Amino acid sequence: VVDFSFNEEDRKFQQEVRDWLDEAWPAEMRERQSRSALEKMSKDDIVRWQQKLAEKGWAATNWPVEHGGAGFTASQNYIFDLERARVGAPGVLPFGMSMVAPVIMKFGTEEQKSKYLPDILASNVWWCQGYSEPGSGSDLASLKTKAEDKGDHYLVNGVKTGTTLAQHADMIFCLVRTSNEDIRQLGISFLLIDMNTPGISVNPIITLDDPQPGFQEINMVYFEDVKVPKENLVGEEGKGWTCAKYLLEFERGNAYSPTLKRALEHVRSIAADQQNGI
């Protein structure tokens, strides 16, 4: 028989989380978020919240302690997620903390780790993901965004689509084609690109919920003769598919996330109100 009950240390931790959330996620923010469209927050709100988590040491729950991770036990991780979801406090955006950071830890150089990881942990830099392209979604290996070797830099041309919150991003991690091979995956590399580089433009994709300007979630990102330094290559050239597969291990969420459970309960509440004519 497996015992799923919390022990005394877990209960103390749960109370610590509750006390901290009462201060860090005050009623004013809870009300403002609940009144916003689809509970969307501004970039400033999200960054301030993530920086509070970082100051507490609870931002990077999935990082090793040596890189500044929280060092939670499995039960502490669950309790933290449970209590955060209970009051409607957001987690951290996954693109930097949960997606590109593990790739940099695994395949990056020491210089890349020291350059990028501290700013990701402190939420000083906003990341987005450049994987999907028009015509290359489920068949991602068919991507066509090209990174041409120009000696000390790559010259990137192409389009990425469905890029979540790219309008806010400072950096984008991209899968690009550096060569054409019979096995398409072998010609793909993993690049880190500064979104302020000349030649990059972001256009919103307007969805059915018709979000206000700046609050759209997905975008098209265009690259026209974008110069990317060679030192922004993660891992070996042509081995980006390995990085991409490793990243996907961290992208997939827990099917029984307390946050998802709270969202389901919210939907059930709305459905009950509709059924009762409210």
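**View 1. The exposed residue E8 and its salt-bridge partner K12 in helix α1 of the predicted model**. E8 has a relative accessibility of 57% and counts as exposed, where exposed means over 50% relative accessible area, buried under 20% and partly exposed in between, with a 1.4 Å probe and protein chains only. K12, at 49% relative accessibility, counts as partly exposed. The closest N and O atoms of E8 and K12 are 3.7 Å apart, which places the pair within the salt-bridge criterion, a side-chain nitrogen of Lys or Arg within 4 Å of a carboxyl oxygen of Asp or Glu. Because E8 and K12 lie four residues apart in helix α1 (residues 8–24), about one helical turn separates them; helices are DSSP runs of H or I of at least four residues, numbered from the N terminus. A network of salt bridges links E8, E9 and K12.

**View 2. The salt bridge between E110 and K113 in helix α6**. The closest N and O atoms of this pair are 3.2 Å apart, and E110 and K113, three residues apart in helix α6 (residues 110–121), are separated by about one helical turn. E110 is exposed, with a relative accessible area of 56%, whereas K113 is buried at 16%.

**View 3. The salt bridge between K150 and E148**. The two side chains meet at 3.3 Å, N to O; K150 is partly exposed at 39% relative accessible area, and E148 is likewise partly exposed at 34%.

**Notes to the views.** The structure holds 13 salt bridges. Residues are numbered from 1 along each chain as its sequence is written, and side-chain values use heavy atoms, without hydrogens and water. In this predicted model, local features need pLDDT of at least 70 and side-chain atom pairs count only at pLDDT 80 or more, while totals for chains, interfaces and linings use all residues.

How values were computed:
Helix = DSSP H or I, 4+ residues; strand = E, 2+ residues; numbered from the N terminus.
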